[in-house]
Amino acid sequence: MTEATMNKLLILAAAAKYDVSCSSSGSSRSGRPGDLGSAAGWGICHSFADDGRCISLLKVLFSNVCRYDCAYCINRRSNDLPRASFTVNELVTLTLGFYRRNYIEGLFLSSAVVGSPDYTMEALVNVLRALRIRHRFRGYIHVKTIPGASRELIYQAGLYADRMSVNIEIPSEANLKRLAPEKDHSSVYRPMLFIRQGLEENREARKRFRHAPRFAPAGQSTQMIIGATNERDKDILRLSSHLYQGPALKRVYYSAFVPVNRYDSRLPALTVSPLARENRLYQADWLLRFYHFRADEIADDAHPDLELDIDPKLSWALRHPEFFPLDPHSADLGQLLRVPGLGLKSAERIIRSRNHCILTRETLAAMGVVMKRARYFLACPRSNFYTIHEAGPAFVRKALSGKKPPREHQFPLV
Amino acid sequence: MIVFFYDKTFGGLLSALFDAYTLKRFPALLLGEGEIPPLHAQINHTVSSTEEKAERVFRAVRNKLDRAALKAVKYAWFSESTGSDTLIFRLLRKALESPRVLPLNYGDSDTRAIMRLSRQVSCEKEKMMGFLRFQETAQGIYCATMAPRYNILPLLIPHCRNRFSDQQWIIHDVPRGFGFYFTGETILPVTLEKSSLPGGRLDEALLTEKEKSFSALWKEYYKALAIKERSNPRLQRRCMPKRFWTYLPEKQG
């Protein structure tokens with residue numbers, strides 16, 4: 001490892017850090033004697049950076065020499081930055097060296113668009129091929145699909161990678177056109193649909209031939225920047241829910257806008273990133289994926305944005321008091337999942353246990369139900385809690401959103 | 001109060017169950033041999049642990065617990081926390097006396113306590129899967145030291161063997177003073193001498209040149225990846241508690 005590699009690594013890691021996704025989940029591959037690596041289905045975090053984000057994969061760009069000039073991107077052509085590109089061997093040595101020391105779970109490879117999309121995509125495929133074929137690497141690989149790359153290259157990348165992703169970045173096409181005049185949504189959706197087709201063909205093929213090569217077993221994901229443009233939360237959630245249903249994405253990531261190019265007047269002049277909004281969007285995303293909510297239930301025309309002081313599930317429950325209170329002994333899983341303070345695990349525990357015992361408030365609390373929130377929405381035997389009907393939504397909102405004033409620890413001396 | 005003394009092995013625990021059914025007396029407390037019984041202990045019985053007894057009890061228990069519960073019992077055992085053996089004893093007794101496979105009932109406080117212990121051990125194991133760090137020695141052996149809260153090294157070995165099957169490695173548990181060596185084919189028990197582990201970490205003189213450059217690269221990469229505008233040290237410490245930092249190269253110097 002030379003000084004030059006170190007410099008490249010620093011430049012290309014700093015250039016890749018604004019990509020949020022770093023998960024190594026969704027693909028399970030056991031090791032093989034004599035080969036390096038395996039993939040754990042649930043993903044493993046190997047470290048946590050100073051911003052609290054997990055580091056699971058070696059996240060680097062292949063190159064940051066970009067031909068585009070997108071307003072929101074740090075690597076845009078008009079920025080005066082040190083530029084660098086890896087060679088295939090450098091990247092392979094780094095990945096394997098880090099992997100053998102258990103620093104990482106695999107590689108997250110992305111790139112700026114060098115020359116043409118096909119040229120860049122081919123370079124990425126070369127790295128993957130070297131890792132998978134020459135070094136028989138069985139760890140996790142996430143590869144970014146370059147918008148506009150040809151179908152054949154995307155298919156090849158899918159044969160080597162576990163997860164693929166194409167970033168939408170800006171949720172609406174008009175705003176994308178404004179901030180990145182050289183891009184459009186169809187260049188993003190086309191590769192997404194290629195990947196989906198590949199996934200479906202592969203599913204069919206594997207039904208017939210057990211040893212058919214797997215195509216992107218961990219599916220595909222995408223990312224949207226939040227707060228750089230004027231989309232409301234309802235638009236974002238509607239788009240996410242379409243993406244989960246249409247191209248069957250595994251994950252949509254939300255990235256609170258960090259103003260990296262302050263000089264560009266097309267971008268809002270933010271002093272802080274909208275981190276709270278990002279958090280609420282992730283909560284809403286979970287409701288879409290695991291809690292059987294529809295996008296229009298979480299945010300609609302009457303409530304176009306998520307409330308920042310209470311979570312989206314509580315917000316829905318306060319707007320729908322007629323749904324509650326529920327009896328935990330008889331409610332089905334779908335109903336239980338709508339109770340604030342109850343998650344997937346505690347709902348499942350309730351269902352497993354309720355044939356064997358009576359669920360009192362103490363039992364529920366011991367099972368991991370957050371009674372502070374759930375108390376208003378559950379009808380427990382022998383409990384003297386107010387339900388949402390007795391207390392009223394306004395009271396519940398106040399009780400659950402307000403932070404208590406700090407307690408006085410001593411009396412004033414005078 | 002009935003107290004049983006046993007040899008603090010899992011086989012001993014199963015033998016204690018066997019003895020309890022033979023004597024028709026069930027202990028309220030299990031203690032290791034030589035430990036001091038509480039003041040009002042009436043019956044003190046010392047369990048003679050044999051493989052035959054353990055085998056018989058295990059066969060009976062296996063039919064009465066499902067896979068999740070068996071795993072929970074195993075993990076709770078590896079927590080090595082005080083009272084975990086008494087808990088396991090009570091749960092296994094409930095299982096033996098249940099007419100069918102014991103349902104996982106979270107309304108039962110013993111089940112809850114076992115599941116809680118098992119979850120803590122399992123979390124520690126998963127954390128260690130991520131935070132384990134190998135260092136390459138001059139002989140080409142990848143060596144890792146760690147100090148987990150629970151005795152999770154035996155649970156970690158299958159994962160490492162599966163993943164790093166083409167390299168030789170040693171994983172050493174510093175506070176418990178034992179480790180395993182994978183020769184490339186088999187796993188052998190091994191202990192590292194204290195003198196080669198100054199401050200719990202492997203002596204730098206034993207490492208290759210390459211190792212230093214890789215850990216330097218990793219450190220720089222780690223620094224470059226953080227977004228300054230989103231700095232969140234509390235979240236970082238919650239996800240990666242400081243007790244792991246001693247063994248992480250990115251947190252050294």
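When I say two residues are in contact, I mean that their C-beta atoms, placed from the backbone, lie within 7 Å. Keep that in mind, because I'll lean on this 7 Å cut-off for the interface. And one caution before we go: what you're looking at is a predicted model.

Okay, so the interface. Counting contacts that way, 39 residues of chain B touch 43 residues of chain A. Where on chain B do they come from? The elements giving two or more residues are α5 (109-131), α6 (153-163), α7 (209-225) and α8 (233-239) of chain B. The biggest giver is α7(B), with 9 residues. As for chemistry, chain B's side of this interface has 21 nonpolar, 10 polar and 8 charged residues.

Now let's walk through chain B itself. It's divided into domain 1, residues 2-123, and domain 2, residues 132-251. Their centres, taken over C-alpha atoms, are 34 Å apart. How many residues do the two domains of chain B bring to their shared contact? Domain 1 brings 4 and domain 2 brings 5. On the domain 1 side, that's 2 nonpolar, 1 polar and 1 charged.

Start at the beginning of chain B, with an open sheet of three strands in the order β2-β1-β3, paired in parallel. The edges are β2 (29-32) and β3 (43-46) of chain B, each pairing on one side only. Ignoring direction, neighbouring strands here are turned by 25° against each other on average. If you want to zoom in, β1 (residues 2-6) of chain B and β3(B) are joined in the parallel sense by 4 bridges, and F5(B) sits opposite T46(B) in β3(B). Lying across β1, β2 and β3 of chain B is α1(B), which runs at about 140° to β1(B).

That helix comes up again when we look at α3 of chain B, residues 67-78. With its 12 residues, α3(B) reaches 17 Å from first C-alpha to last, close to the 16 Å expected. Which of its residues are buried? They are A69(B), A72(B), V73(B), Y75(B), A76(B), W77(B) and F78(B). Here's a handy reminder for reading a list like that: an α-helix has 3.6 residues a turn, so residues three or four places apart point the same way. The buried residues of α3(B) pack against α1 (10-23), α4 (84-97), α5 and α6 of chain B. Two of those partners, α5 and α6 of chain B, are also on the list of elements touching chain A. Just past the end of α3(B), E80(B) takes a positive phi of about 55°.

Further along chain B there's another open sheet, five strands in the order β4-β5-β6-β7-β8, with mixed pairing. Its edges are β4 (135-136) and β8 (187-190) of chain B; each has a single partner strand, so one side of each has no neighbour in the sheet. In the middle, β6 (residues 169-173) and β7 (residues 178-182) of chain B run antiparallel, joined by 5 bridges. One pair to click on there is I171(B) with its bridge partner F180(B) in β7(B).

Last, a quick look at chain A. It has 16 helices and 8 strands, and 46% of its 414 residues count as buried. Its C-alpha atoms fill a box of roughly 70 × 55 × 50 Å along the principal axes. Chain A is divided too, into domain 1 (3-264) and domain 2 (319-401), with 40 Å between their centres.

Key
Residues are numbered from 1 along each chain as its sequence is written. Chains are lettered from A and ligands numbered from 1 in the order in which they are written. This is a predicted model: local features need pLDDT of at least 70, side-chain atom pairs count only at pLDDT 80 or more; totals for chains, interfaces and linings use all residues. A residue is buried if 20 or more other C-beta atoms lie within 10 Å of its own, exposed if 12 or fewer, and partly exposed in between; C-beta atoms are placed from the backbone. Ala, Val, Leu, Ile, Met, Phe, Trp, Tyr, Cys and Pro count as nonpolar, Asp, Glu, Lys and Arg as charged, and the others, Gly among them, as polar. The expected span of a helix is 1.5 Å times one less than its number of residues. Domain bounds come from an automatic or database domain assignment. Two strands pair if DSSP finds at least two bridges between them. Axes are lines fitted to C-alpha atoms, for helices over the stretch in contact, and angles run from 0 to 180 degrees between N-to-C directions.
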